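Biologist: I am new to this structure. Please take a close look at a single part of it, and then follow the picture outward.

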Amino acid sequence: MKRHKHVVASAACVLAITLTAGACSASDDAVSGDTSAKAAANDGAAVDGGTLKIGLDRPFAKLDPADGVLTSMPMMILANALFDPLMVNGDNGTVQPYLAKSFTPDADATTWTLDLREGVAFTDGKPLDGQAVVDHVNRLAKPESKCSCAADAATIGAMAVNSPTSVTFTLKAPNAAFPNLFTRSLGYVSETPAADAPAVGSGPYTVESVQPGVSVTLVRNPAYWGAKGHADKLVYRVLPDSDSRYQSLRSGDADLIWTETPAQYKQAAGDGLRAATGPGSTSTALFNTKAAPFDDPKVRRALQYAVDRESVEKVVHLGQGKVSDGPIGSTSPYRGTGAAAYPARDVARARALLAEAGHPDLSFEYLVDNRPEGQQRATVLQQMLAEAGVRMTVKPMDSASLGTAMFQRKFQVMDFVTSMFGDTDTALASLYLPDSPFNFTGWNSPEAARAIGAGRASLDQAQRARSYQEAAQAVVADAPMLFLTENPVGFLATTRVAGLPDVSRRTVVNVSPAALWVKK
């Protein structure tokens, strides 16, 4: 499953057509969040030295941006140590330059010019220049790279190197949000790795040793172009079990861990731990709209009416999140009065729609992974739907099998927790356009496709918002998926970790370990 797709900006920067390095350039700690005021007051001056121990929530096959695991949100704490992104996610869904100095469109958002920082080099000393960017995109676009970003790269018709620090991209169709595609795999520019060796990046740390899927040790890059990392060494260990990972933090075996477990956020304060979380996850349920009975919108809408989202949030996320009301998240810059009104629970209406559709005794299988939150969410939904006369059978699966079922559309209804809605532009185009490889539901709405296309073609953010709101209305009205909750995700740390950023307004919780330090 893709857990899709990081500096405070002024409103003027957010609305600017051209992302320039002048008025709204990214600071060197852009991928860390705001560490300047609150963190400095609490932690004092930064100090260098020591070892930072980080617990990862999933295994990795290789240290390469082509691997979607490495660029998933929980793993970007490792990716950011090795690779610098061209663009970064800021507060409230904004995107800003990092290695890029600017990313400028022509009048119809079909041709984009990327200008790079000067003097940036890979850790082996080779220049990270325009040709390196083109080579990187070409590598990840190839099927053998197995990068999910190949679908994004396929939107590019041609690339041209104008100078060592300038590249022009000509797109196959207008895309006003094109720079958004360079915050993860496509933007983590690297050299082609040799066999199974780690890819060479330009980040603040380099690899000392690695056991794929088990651990990796990094040391400071002495020739780094930007602000040097504070810790001498970073030691990452893969700790996939959430309870064991939390206990490693309590015992001091880890200094920093990723978690999405609501009970751990509740417990953390009492255990003397610190948290850095943001609204980076949305819980939904996908319908297979290509097969009966969920090819009938009446059946899908019936389930909308049968679900009480507030109760799902309270039971599963313990009141720490909020309900989701559609594909435009609560912190998106595209929110507005045109946002869709999501149906409130109405069991009688649910029963009536099922009767009209000829399914008064509807039954189906619900696929879900083995995590406690997913199991709990499935149980709550099962009980709610039973009140509407619906029999839902819960089928737990491991994450790999669940992902296969999703991409091959071998499901009736399935649990889908994603960070994709943190980037409205990409989420709408990925999940709802009929030719997208990530249209898992198989939904095809000419009305929504037209609105999404109009939004992507407009460089005027107000116009883009209106188009996206129109698309969101179509999504909610036809219900190819259920929207349930927006959930906090992020990091917990011991008190010996300083510089932990404020990511509370980040839909993509993206932290660089270089900005953290170990208290003496």
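**A covered strand and its surroundings**

Modeller: Start with one pair: Phe287 stands opposite Val413 in β16. This is a predicted model, in which local features need pLDDT of at least 70 and side-chain atom pairs count only at pLDDT 80 or more, while totals for chains, interfaces and linings use all residues. Residues are numbered from 1 along each chain as its sequence is written, and side-chain values use heavy atoms, with hydrogens and water left out.

β16 covers residues 413-418. Strands here are DSSP runs of E with at least two residues, helices are runs of H or I with at least four, and both are numbered from the N terminus. Six of the six residues in β16 are buried. Buried means under 20% relative accessible area, exposed means over 50%, and partly exposed lies in between, with a 1.4 Å probe and protein chains only. Both faces of β16 are covered. Val413, Asp415 and Val417 are on one side. Met414, Phe416 and Thr418 are on the other.

Now the partners. Strands of a sheet pair through backbone hydrogen bonds, either parallel or antiparallel. Two strands count as paired if DSSP finds at least two bridges between them. β12 pairs with β16 in the antiparallel sense, over six bridges. Strand β14 (residues 363-369) runs parallel to β16, and two bridges join them. Tyr366 also stands opposite Val413 in β16.

Follow β12 to a cavity. Strand β12 (residues 274-287) gives the largest share of the lining of the second largest cavity, four residues. On a 1 Å grid over the protein atoms alone, a cavity is a set of points where a 1.4 Å probe fits but cannot get out; a pocket is an open set with protein on both sides within 12 Å along at least five of seven lines; lining residues have an atom within 4 Å of a point. The volume of this second largest cavity is about 100 Å³. Volume is the space filled by probe spheres set on the points, which are joined across faces, edges and corners. Sixteen residues line the second largest cavity; Pro279, Thr282, Phe421, Gly422 and Thr507 lie nearest its centre. By class, the lining has three nonpolar, 12 polar and one charged residues. Nonpolar means Ala, Val, Leu, Ile, Met, Phe, Trp, Tyr, Cys and Pro; charged means Asp, Glu, Lys and Arg; the others, Gly among them, are polar.

Next comes a pocket. The second largest pocket holds about 440 Å³ of space. It is lined by 20 residues, and the closest to its centre are Ala151, Thr155, Ala429, Leu433 and Arg456. Three elements give two or more residues to this lining: α5 (150-153), α13 (424-432) and α14 (446-457). α13 gives the most, with four residues. The lining of this pocket has 10 nonpolar, six polar and four charged residues.

One loop residue rounds off the picture. Asp398 is in the loop between β15 (391-397) and α12 (399-407). Its relative accessibility is 39%, so Asp398 counts as partly exposed. The C-alpha atoms of Asp398 and Leu367 are separated by 10.0 Å, with the two residues 31 apart along the chain.
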